[in-house]
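Biologist: Before we discuss this model, I would ask that each descriptive term be justified. Please set every value against its criterion.

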Amino acid sequence: MKRLVIIMFLLSSLIAGSTAASAKSSTFKDVTQYKHSWAIESIEFMSKKGIIKGYQNSTFKPDNSVTKAEFITMFSQLFDKYITNDDTPTRKFKDVPASHWAYNSTSKALSQFTYSTYAFKKGNNYFYPDNKLTRIGVVNLLPVLYDEIDDDQEVYDILYTMKDIPKREFSDELLEDGRFNYEIDGTNKVYSLLFDGLELSDDHSALVGSSLAALQKKGIMTANEGLFNPRKTITRAEAATILHRLYLDLKADGTLKKYSSK
């Protein structure tokens with residue numbers, strides 16, 4: 001009996017030691033297991049790659065918000081081989097001149113398919129680089145490097161699990177809600193996804209809805225207990241996690257080298 005007790009004690013000690021050893025730790029003093037366990041691996045990855053840097057006092061400020069310019073720059077630095085392949089590969093913005101620190105990132109990463117993430121007024125594009133970015137804003141701003149879902153039924157089923165993403169049956173008057181007003185920055189706007197049966201009926205609904213469903217399925221951005229929290233401002237920890245998950249997804253399907261040299 002005594003020998004059995006000793007064996008059990010040794011086994012429990014080995015298990016406890018293994019658990020402690022496998023627990024993720026951060027090089028930043030304000031990134032803690034208690035609050036940021038879900039993001040530590042991504043923060044460390046992005047920091048080591050030089051994409052999101054910490055501060056001189058050994059902090060990361062994981063809960064600070066992220067602007068549009070900051071996010072698209074993080075994306076462009078991680079996916080440094082990506083250049084939009086639409087018919088306007090270099091997009092100019094009146095409020096992001098060549099002297100702006102985010103100029104290279106915004107000009108090469110935004111395309112005609114991200115039309116809702118900037119405004120067109122009096123012959124000029126405006127990006128509003130200092131606007132804080134929300135979760136739906138990431139869906140709109142993030143270039144679609146990931147595989148989308150071809151099955152309308154699957155997209156429909158996924159989207160209907162998201163309680164806080166508005167969905168309506170299509171009617172013409174619903175298109176007058178501003179979704180096609182190109183004079184406003186629609187990055188963080190939450191418009192109803194319009195369905196005609198199982199199909200997303202208009203261009204905006206198709207772009208946003210298909211992205212939401214794919215990001216959920218791949219685990220890159222997910223709803224928590226049915227809530228996507230589209231209006232919530234994203235943090236530095238969340239930005240690191242989203243981009244790292246996209247990186248891992250592309251690595252898993254063998255397309256990473258097409259977009260990144262990291």
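The exchange below concerns a predicted model and takes up its aromatic pairs, charges over rings, a helix contact and backbone angles.

Biologist: How many aromatic pairs does the structure hold?

Modeller: The structure holds eleven aromatic pairs.

Biologist: Why is the pair of Phe 45 and Tyr 247 called tilted?

Modeller: The ring centres of Phe 45 and Tyr 247 are 4.8 Å apart, and the planes stand at 55°. Rings pair if their centres lie within 6.5 Å, and planes that are neither under 30 degrees nor over 60 count as tilted; the pair is therefore tilted.

Biologist: What makes this pair a tie between separate parts of the sequence?

Modeller: Phe 45 belongs to helix α3 and Tyr 247 to helix α9, so the pair joins parts that are 202 residues apart in sequence. Both residues are buried.

Biologist: Why does the pair of Tyr 82 and Tyr 259 count as tilted?

Modeller: For Tyr 82 and Tyr 259 the distance is 6.2 Å centre to centre, with 50° between the planes. An angle that is neither under 30 degrees nor over 60 counts as tilted. Tyr 82 lies in the loop between α4 and α5 and Tyr 259 in helix α10, so this pair ties together parts 177 residues apart in sequence.

Biologist: How do you know whether Tyr 82 is buried or exposed?

Modeller: Buried means under 20% relative accessible area. Tyr 82 has 13% and therefore counts as buried; Tyr 259, at 12%, also counts as buried. Ring pairs link these two tyrosines with Phe 75 and Phe 79 into a cluster.

Biologist: Which ring does the charged end of Lys 121 sit over?

Modeller: The charged end of Lys 121 sits over the ring of Tyr 126, 5.4 Å from its centre. Lys 68 lies over the face of Phe 127, at 4.2 Å from the ring centre.

Biologist: What makes α7 and α8 roughly parallel or roughly perpendicular?

Modeller: The axes of α7 and α8 come within 9 Å and cross at roughly 80°. Angles of 65 to 115 degrees count as roughly perpendicular, and α7 is therefore roughly perpendicular to α8. Among the contact residues are Ile 158 of α7 and Leu 212 of α8. The contact comprises five nonpolar, two polar and two charged residues.

Biologist: Why is Tyr 128 called partly exposed?

Modeller: Partly exposed lies between the limits of 20% and 50%. Tyr 128 has 25% relative accessibility and so counts as partly exposed. Its phi is near 55°, a positive value in a residue other than glycine.

Technical notes
Residues numbered from 1 in each chain as written. Predicted model: local features only at pLDDT ≥ 70, side-chain atom pairs only at ≥ 80, totals over all residues. Heavy atoms only, no water. Phe/Tyr/Trp six-rings, centres within 6.5 Å; stacked < 30°, edge-to-face > 60°. Helix = DSSP H or I, 4+ residues; strand = E, 2+ residues; numbered from the N terminus. Buried < 20%, exposed > 50% of the residue type's maximum accessible area, 1.4 Å probe, protein only. Lys NZ or Arg CZ within 6 Å of the ring centre and 35° of its normal. Axes fitted to C-alpha atoms, helices over the stretch in contact; angles between N-to-C directions. Parallel < 35°, antiparallel > 145°, perpendicular 65-115°, else oblique. Contact = heavy atoms within 4.5 Å. Nonpolar A, V, L, I, M, F, W, Y, C, P; charged D, E, K, R; others polar.
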